[in-house]
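Good morning, colleagues. I would like to take a few minutes to go through one structure with you, beginning with a sheet and ending with a ligand.

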Amino acid sequence: MNNESTISETAWTPAHQEPFRVLVVEDEELMRSIIVQLLRREGYEIFETGAPDVAIKIFEHEKIDLAVLDLNLGGGSSGLDLLGKMHEIDAELMGVIVTAYASIESAVEALRLGAYDYITKPFANDHLKAVVRKALEYKAAFRENRYLRRELREKYRFESIIGNCDAIDRVFRVMEKVARTDSSVLITGESGTGKELVARAIHFSSERANKRFLPINCGALPETLLESELFGYKRGAFTGAAQDKIGLLKAADKGTIFFDEIGDMPPALQVKLLRALQERECYPLGSNDPVAFDVRVLCATNKDLDKESREGRFREELLYRINVITIQLPALRERTDDIALLANHFLRKYEKPLGRSAMRFSKGAMRLLIGYPWPGNVRELENTVERAAILAETDVIHAHDLPEKLHDSATVQVAPPAAGMTLEELEREHMRRVLNEVKGDKVKAAQILGIHLSTLYRKVQRYRLENEGLPVPAGAKPALQSV
Ligand SMILES: Nc1ncnc2c1ncn2[C@@H]1O[C@H](COP(=O)(O)OP(=O)(O)OP(=O)(O)O)[C@@H](O)[C@H]1O
Ligand SMILES: [Mg+2]
């Protein structure tokens, strides 16, 4: 039994959104009321009229998602003309044409003029419902897609790359120039310097921004799998190939493909990739029919590809092909001026989910951040800031909220120069450093220093080094807080 409530439960509207709004324009009253009832029961909000000029008025004042239009509206008016006028106001309106004159020409004409679909009278109720539902699903997916793309573009625009130093300025200048072209770009830099971030920013600032950005990690897949992923395969090409699959080169058509860790691509595959890029077509495994594709190629590596090529591990021709422009990202230790900027940027990012809004670093903490060599570059800094934001008990991140490795490098940096110290001072400083390195293990320290354990204990007492290298007891101030 169909009562109103069970019907509205089945009504399809995207989650968290208002019901879709449908305008029905049909001059035959009986037919109109049938369509209106059918669609109203589907849960849509319905507007209705038999007159084209009223339809336009409604359309101008209400936000309509879909219009069901009779082809022949009487008085010489056509539903298709009306749809054309409505499309001038809102190009995203979905139009469904209803026609009693089932002729191929009027149907084809309807689709050509921008209708989403058409139905012929008499129609089955389920057919009308299905056509309207499909059109609205399509519209929702389109809307969502556009929203997602806008969000991605926001996230990956140039401004998402933080940096103020000369090296990053140069990177920006090159990025601006290449974004509008189709040139291949090779992005080099140590791990965590932002190579993928730069690749995404180039794609999302290019003409291809509305198409896909497909990253592929050349080091992560075994050779055969990488090959079948890249070029695709035909059903039965190998055991397990149950159906045809298009390759990533084709999947990224009109968009950008990002070969990450290109230096790790196996040599045999380098040759095949080079051929595919030159010909702009590739052969899926098990097929003799070439598949054409149009992709922009961005690559990243943390290897020295010139050296790899000289030593025979990387094809020289492929290197020329992918390296039309090079963007070299500096290591974070080469741009220490940017550390404070980046650290504060990440603090803003990570305090939000914690429900905080005014976190900051103490002077001592900032000094530690700036003094550390950051072998994992920006990624390591980002992780460190995230962790500290979580651990900090107040809005201020102190030195003791930062990991031990930062303190260790600071210890070395603040070691006073030997000149100007007495022998005794030098002995004390040396013992302190050794004790720190062995985390307070006196037996090990005595071995390293080449003295008896009893001598060590005596000197430790004399120099007041009892707690050196030992974990800081809870609640106590760490020794290096003021560094
Ligand atoms: N200049 C920057 N501004 C803001 N965030 C950055 C910057 N550089 C890197 N990051 C962030 O650091 C992290 C690492 O960046 P990314 O993944 O692009 O590095 P990568 O060079 O590709 O590293 P790997 O070689 O390890 O793959 C990401 O979270 C990225 O958003
Ligand atoms: Mg990367």
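Let us begin with a single pair of residues: V185 has I325, in β14, as its bridge partner. Please keep in mind throughout that this is a predicted model.

That pair belongs to a longer pairing. Strand β6, residues 185-188, is joined to β14 by four bridges, and the two strands run parallel. Stepping back, we find an open sheet of five strands, ordered β7-β10-β13-β6-β14, with parallel pairing. Why is one side of β7 and of β14 left without a neighbour in the sheet? Strands β7, residues 213-217, and β14, residues 325-328, stand at the edges and each has a single partner strand, so one side of each has no neighbouring strand in the sheet. On average, neighbouring strands here are turned by 20° against each other, with direction ignored.

Next, the helix that lies across this sheet. Helix α8, residues 195-204, lies across β6, β7, β10, β13 and β14. Relative to β13, residues 296-301, helix α8 runs at about 165°.

Helix α8 also brings us to the ligand. Which residues come nearest to ligand 1? Of the 16 residues around ligand 1, they are S191, G194, K195, E196 and V378. Two elements, α8 and α16, the latter spanning 377-391, give two or more residues to this shell. In terms of class, the shell holds seven polar, five nonpolar and four charged residues. Finally, domain 2, residues 158-328, and domain 3, residues 333-404, each supply at least three residues to the shell around ligand 1.

Thank you for your attention.

How values were computed: Residues are numbered from 1 along each chain as its sequence is written. Chains are lettered from A and ligands numbered from 1 in the order in which they are written. This is a predicted model: local features need pLDDT of at least 70, side-chain atom pairs count only at pLDDT 80 or more; totals for chains, interfaces and linings use all residues. Two strands pair if DSSP finds at least two bridges between them. Axes are lines fitted to C-alpha atoms, for helices over the stretch in contact, and angles run from 0 to 180 degrees between N-to-C directions. Two residues are in contact if their C-beta atoms, placed from the backbone, lie within 7 Å. A residue is near a molecule or strand if its C-beta atom, placed from the backbone, lies within 6 Å of it. Ala, Val, Leu, Ile, Met, Phe, Trp, Tyr, Cys and Pro count as nonpolar, Asp, Glu, Lys and Arg as charged, and the others, Gly among them, as polar. Domain bounds come from an automatic or database domain assignment.
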